[in-house]
Amino acid sequence: NEGCLKIYGYSREDCIGRTSVELGLWADAQDRFRLLDALREGGGTARNVEISGRRKNGEIVNVLVSCENIELHGRAHLVTIAHDITERKRAEQALRDSELKFTKAFRASPGAIGITELATMKYIEVNDGYCRMFGYAREELVGFSALELGLWARPEDRAKFLEQFEASGSVDDMEIEGRRRDGT
């Protein structure tokens with residue numbers, strides 16, 4: 001159909017009467033064998049098998065394939081549905097790259113950085129600088145709030161912090177007194 005032609009860049013005339021192997025659609029020959037294995041294991045049905053395809057121009061495309069053996073006029077046929085997931089895979093990789101950069105910057109920062117869940121104010125992540133500042137191991141902070149841990153030395157600082165955060169959605173350059181694990 002038109003969708004298949006669009007994914008692979010061939011015309012209908014190029015495809016009719018030729019196999020996927022003849023057209024060179026398999027960028028990785030092992031993908032073909034994985035799909036055939038999935039068909040056998042699924043009793044003639046395979047769902048959502050990721051493969052690397054090759055377009056007519058040689059470009060590699062990520063494809064999610066589902067197929068099923070059917071019988072037409074007494075002969076076995078294979079119906080294949082393919083979805084181009086190339087952009088999704090690129091977006092997923094870009095997200096992984098971005099997360100890796102953030103994680104490296106977060107971990108490497110000498111400043112104290114804590115990430116809290118807004119609804120509970122519990123820490124979901126802290127960096128080494130935060131641990132050093134308050135004298136706790138990461139595992140002792142994550143899952144607890146600053147209030148539960150007694151990190152606010154003065155209740156009025158917490159109230160002022162929350163008031164400013166609720167009013168503007170951020171807090172900048174607010175000086176507070178914190179309490180380390182040893183009480184200092």
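## A tour of the chain

Start by colouring the charged side chains: the 27 positive and 32 negative charges of the chain have mean positions that lie 5 Å apart. Keep in mind as you explore that this is a predicted model.

Next, switch to a cartoon view. You should find nine helices and five strands in the chain. Follow the ribbon along the sequence, and the elements come in the order α-α-α-α-β-β-β-α-β-β-α-α-α-α. The chain is more spread out than a compact globule, because its radius of gyration is 28 Å, well over the 16 Å that the globule rule gives for 184 residues. To see this for yourself, show just the C-alpha trace and turn it around: along its principal axes it spans about 80 × 35 × 30 Å.

Now turn on the surface. The chain exposes about 12,500 Å², with carbon and sulfur atoms supplying 53% of that area. How many of the 184 residues count as buried? The share is 24%. Contacts are worth a look too: among those in the chain with a separation of 6 or more, 31% are between residues 24 or more positions apart.

For the last stop, select residues 86–108, which make up helix α5, and pick out Thr-86 within this helix. Is Thr-86 buried or exposed? Thr-86 has a relative accessibility of 6%, so it counts as buried, the cut-off being under 20%. Finally, show the neighbours of Thr-86: leaving aside residues up to four places away in sequence, Thr-86 touches Val-61 and Asn-62. Select Thr-86, Val-61 and Asn-62 together to see these contacts up close.

Methods:
Residues are numbered from 1 along each chain as its sequence is written. This is a predicted model: local features need pLDDT of at least 70, side-chain atom pairs count only at pLDDT 80 or more; totals for chains, interfaces and linings use all residues. Side-chain values use heavy atoms; hydrogens and water are left out. Helices (H or I, at least four residues) and strands (E, at least two) are DSSP runs, numbered from the N terminus. The radius of gyration is taken over C-alpha atoms; the globule rule is 2.2 Å times the number of residues to the power 0.38. Buried means under 20% relative accessible area, exposed over 50%, partly exposed in between (1.4 Å probe, protein chains only). Contact means heavy atoms within 4.5 Å. Accessible areas come from the Shrake-Rupley method with a 1.4 Å probe; for residues, only the protein chains shown count as cover. Lys and Arg count as positive and Asp and Glu as negative; His and the chain ends are not counted. The place of a charge is taken as NZ of Lys, CZ of Arg, CG of Asp or CD of Glu.
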